[in-house]
Amino acid sequence: MEKITSAHAMELENKYGSFNYTPLPFVFEKGEGIYLWDPEGKRYLDFVGGFSSVSQGHCHPRIVKAIQEQAAKLTLLSRVLYSTEFGPLAEYATKLLGYQRILTMNTGAEAFETSLKIARKWAYTVKGVAEGQAKIIVCRDNFHGRTIAAASASSKAEHHSVFGPVLPGFIHISYNDLAALEGALKDPTVAAFLVEPIQGEGGVVVPADGYLKQAFALCEKAKALFIADEIQTGLARTGKLLATQHEGIRPHLVLLGKALSGGTMPVSAVLADDEFMKMLQPGDHGSTFGGNPLACHVALESLKVIVEEKLAERSEKMGQIFRAAVRDLASPLIAEVRGKGLLNAVVFKFGGDASKDQALSLALKENGLVVKAAKTNVFRFAPPLVISEEQVREAVAILGKTLKSFA
Ligand code: PXG
């Protein structure tokens, strides 16, 4: 096939693609470990990391091999038939993460939707909420995907107005606000509190120590489910296999996605014990592709890579090095660096000027570092977890050098 230049790739996408993204004008054709290459052959450090998906590194050889082997053997059955691949994944994932059962889907948004169905049915059949009345408490500035339910749960008014009517049944409270949660839980129709342990798309917002633990206790007391959306924070990203483990809690439901396949294909999951998983009976839920043999084989290998390469420990250590090194830059343009493990944000003093964000991304890319704002003036730094100390320091040096010449 003819080789495509960056300019031509952008021209085609801009001419024939849809309008729902405004990508940075960067084109890549290859990835390996923590590196990306553009079509012209220049190499970059990738600190976007597929938004927490390519935690095992781009094109991890073990994961690539797993895809190739299984793709040549059996890819899809649907779960109306047993496969040799689902069981081993289910056993490994549940034992690793401490739950009795796993339900596999494809995208993160589907895992989110699945958890809403479990929580609502549980509210009606176990908690005794009157039909049609179940509520889910969510946090402002959350991100759970792009489906109508996720848009309904979102606090983005602009999405409510153009994609409405939104689904009823969501109660919005402030993130990191226990008093608000306690108040909202007084409503006896509440089925669940659904929360990101760290708000990713919201700008890497880290709640106060103890927030999740106390929120879990409040849910237990009010007989409501605590659902952790660990699609971005889970699977070693924050320095533990699950971010909720930092506070020693075990949510009733956990949502996973992204790194569950090392960023190679859409695989998501809900983890739960029998009492909650049994809410979904035959006919209640499913998916053509969810739990397909290819996905299961790849997810199992992706989890084993996380465990065997000790990526949680690496994430914890490299995250500390990253944050300390960014603080050591002592740049007058940096307001704050925050995060856990390798889910970090650097907040810049650009006075809310979003055009500066684009200019900084361009300047950093010139110097070999790919990174992007999660929200205005807040850049998320979330590289593959296989990163070395030397590569962390190289990235921070690029940041320091770029900021020095950045007006
Ligand atoms: N929950 C969280 C916490 C997420 O970060 C989702 C759910 C939805 O996952 P899926 O697989 O349905 O995208 C996310 C996704 C985007 C985008 O353009 C989404 C995310 C990160 C960056 C961009 O939709 N996170």
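This is a short talk on the fold, the cores and a few backbone oddities of one protein model.

Okay, before anything else: what you're looking at is a predicted model, so keep that in mind throughout.

Let's start with the overall picture. The protein has 14 helices and 15 strands. Its radius of gyration is 21 Å, and the globule rule gives 22 Å for 407 residues, so we can call it as compact as a globular protein of that length. If you lay the C-alpha trace along its principal axes, you get spans of about 60 × 50 × 45 Å.

How is the chain stitched together? Take the contacts between residues at least 6 apart in sequence: 72% of those join residues at least 24 apart.

Now the surface. The accessible area is about 18400 Å², and carbon and sulfur atoms account for 55% of that. On the charge side, there are 45 positive and 43 negative charges, and their mean positions sit 2 Å apart.

Moving inside. Of the 407 residues, 53% count as buried. In soluble globular proteins, nonpolar side chains tend to be buried together. Here, the largest nonpolar core has 64 residues, and the members touching the most others are Phe-47, Phe-322, Phe-348, Leu-369 and Phe-381. Which element gives this core its largest share? That would be helix 11, residues 293-308, with 9 residues. There's also a second, separate core of 31 residues, and Ala-111, Ala-119, Ile-136 and Leu-253 are among them.

Let me zoom in on Phe-322. If you ignore neighbours within four places in sequence, Phe-322 is in contact with Phe-47 and Phe-381, with the valines Val-337, Val-346, Val-392 and Val-396, and with Asn-344.

Last bit: the backbone oddities. Between Gly-164 and Pro-165 there's a cis peptide bond, with omega at about 5 degrees. Pro-165 is in the loop that runs from helix 7 (157-163) to strand 6 (170-173).

Go past strand 6 and you reach Asn-176, in the loop before helix 8 (178-184). Asn-176 isn't a glycine, yet its phi is positive, about 65 degrees. Is Asn-176 buried or exposed? Somewhere in between: it is partly exposed, at a relative accessible area of 35%.

Ala-330 is another non-glycine with a positive phi, about 45 degrees. You'll find Ala-330 in the loop between helix 12 (311-329) and strand 11 (334-340). Its relative accessibility is 62%, and the cut-off for exposed is over 50%, so Ala-330 counts as exposed.

That's it from me.

Methods:
Residues are numbered from 1 along each chain as its sequence is written. This is a predicted model: local features need pLDDT of at least 70, side-chain atom pairs count only at pLDDT 80 or more; totals for chains, interfaces and linings use all residues. Side-chain values use heavy atoms; hydrogens and water are left out. Helices (H or I, at least four residues) and strands (E, at least two) are DSSP runs, numbered from the N terminus. The radius of gyration is taken over C-alpha atoms; the globule rule is 2.2 Å times the number of residues to the power 0.38. Buried means under 20% relative accessible area, exposed over 50%, partly exposed in between (1.4 Å probe, protein chains only). Contact means heavy atoms within 4.5 Å. Accessible areas come from the Shrake-Rupley method with a 1.4 Å probe; for residues, only the protein chains shown count as cover. Lys and Arg count as positive and Asp and Glu as negative; His and the chain ends are not counted. The place of a charge is taken as NZ of Lys, CZ of Arg, CG of Asp or CD of Glu. A nonpolar core is a set of buried Ala, Val, Leu, Ile, Met, Phe, Trp, Tyr and Cys residues joined through side-chain atoms within 4.5 Å.
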